[in-house]
Amino acid sequence: MLSDIETKLLGVMMMVIMLGMGASLTFKDFAIALRKPQGVFVGLVCQYGIMPALAYVLATALQLPPGYAVGLILMGCMPGGTTSNIFTYFSKGDLSLSILMTIGSTIVAIFMVPLTLKFYSQGIQGNWQIPSGNVIQVLFVLLVPTVIGIALRKWNANVGAVIEMIGGLLGVAVILFLMGSWVPRNFQLLMETGFPVYGAAIGLGLFGFALGYGLSRLLRQTPRRGRTIALETGIQNGPLAVLIVTLSFSGDQQRDVLLLPILYSFFIVLSSSFVTIWFRRITTREELDRDQAKIGALAKA
């Protein structure tokens, strides 16, 4: 499924992406999050409450084979992806909330990912269990560049800003890289893959957007913050899932488990682009309505 060169490049790219995510944060951001933790808390509930359960329901409803089911459930248990920050920016969402949600879900992933993964995959028959040690190992290693990124931002804000931009763009580049190198080599496999698998890969992101927004509004978040939480919920860290799979499986097993994380990563870029355009139009309309209301109020005064 992935060549040795692709696997090594993916590992290096993920280190740079996590470095960029860390560089997007300051200690002031953490202080603000502690003073107003509601948004981050709602995001974590969506991330580790909704998404793993959604992946399990989709895998069960679509009757996916064990390997595909494990890949989908793993994808649902992942923390938020850094590309969500880019889509939040272009959608005119709450960027600071998106960044804090991404880093928050990544930090707690060390214990939440193994916990949710074990819980939702325990009924799958066969030798398909992903060792918790592999998950913790990958997550712990990736936290190191995140901390370095935070330190760089503290040391020099300009350097931190550049690294942040590079890390965010590289998140999209990783997916495009996999698409360009992996799709041609596995074209026959993609043609033979059934509709339920594609439905699961696309549905995980789309239902994640809808459920994330619905729960955030139910918990009294503003529409703008709700749209931000929706993007953060639906966009999972696909490259991280790929790394965990390559560390845990080989041969035909790796092929089966890896298929859904890769397909999800491809389609989430497309679906997120459409959702971002829609959200941006809504936010722009809200801004115009507020401006007109202010003008009307001034005219009356």
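How do the residues of the lining of the second largest cavity divide into nonpolar, polar and charged? Let's work towards that, keeping in mind that this is a predicted model.

Start with the empty space itself. If you search the whole structure, you find two cavities of 30 Å³ or more. We'll look at the second largest cavity, which holds about 30 Å³ of space. Its lining is made up of Ser91, Lys92, Gly93, Arg224, Arg227, Thr228, Leu231, Phe279 and Thr283. Try picking them out in the 3D view, and you can sort them yourself: two are nonpolar, four are polar and three are charged. So much for the opening puzzle.

Which helices supply at least two residues each to this lining? They are H11 and helix H13, which covers residues 251–300. H11 gives the most, with four residues.

Now stay with H11, which runs over residues 223–234, and look at how it sits against helix H6, residues 95–121. Two packed helices are described by the angle between their axes and the distance between the axes. For H6 and H11, the axes come within 9 Å and cross at roughly 35°. That crossing is right-handed. On the H6 side, the contact is made by Leu97, Ser98, Met101 and Thr102, while H11 brings in Arg225, Thr228, Ile229 and Glu232. Sort this group too and you get three nonpolar, three polar and two charged residues. Did you spot Thr228? This H11 residue takes part in the contact with H6, and Thr228 is also on the list of residues lining the second largest cavity.

Next, hop over to H13 and find Thr276, which sits in that helix. Is Thr276 buried or exposed? Thr276 counts as buried, because its relative accessibility is 6%, and the cut-off for buried is under 20%. Leaving out residues up to four places away in sequence, Thr276 touches Phe87, Phe90, Ser91 and Leu231. Two of those names should ring a bell, since Ser91 and Leu231 also line the second largest cavity.

Our last stop is Gln221, in the loop between helix H10 (195–218) and H11. At 7% relative accessibility, Gln221 counts as buried as well. What does Gln221 touch, not counting residues up to four places away in sequence? The answer is Gln38, Gly39, Val42, Ser216, Gly226 and Ile229. Ile229 brings us back to H11, where Ile229 is one of the residues making the contact with H6.

How values were computed. Residues are numbered from 1 along each chain as its sequence is written. This is a predicted model: local features need pLDDT of at least 70, side-chain atom pairs count only at pLDDT 80 or more; totals for chains, interfaces and linings use all residues. Side-chain values use heavy atoms; hydrogens and water are left out. Axes are lines fitted to C-alpha atoms, for helices over the stretch in contact, and angles run from 0 to 180 degrees between N-to-C directions. A crossing is left-handed if the near helix is turned anticlockwise from the far one by less than a right angle, and right-handed if clockwise. Contact means heavy atoms within 4.5 Å. Ala, Val, Leu, Ile, Met, Phe, Trp, Tyr, Cys and Pro count as nonpolar, Asp, Glu, Lys and Arg as charged, and the others, Gly among them, as polar. On a 1 Å grid over the protein atoms alone, a cavity is a set of points where a 1.4 Å probe fits but cannot get out, and a pocket is an open set with protein on both sides within 12 Å along at least five of seven lines; lining residues have an atom within 4 Å of a point. Grid points are joined across faces, edges and corners, and a volume is the space filled by probe spheres set on the points. Buried means under 20% relative accessible area, exposed over 50%, partly exposed in between (1.4 Å probe, protein chains only).
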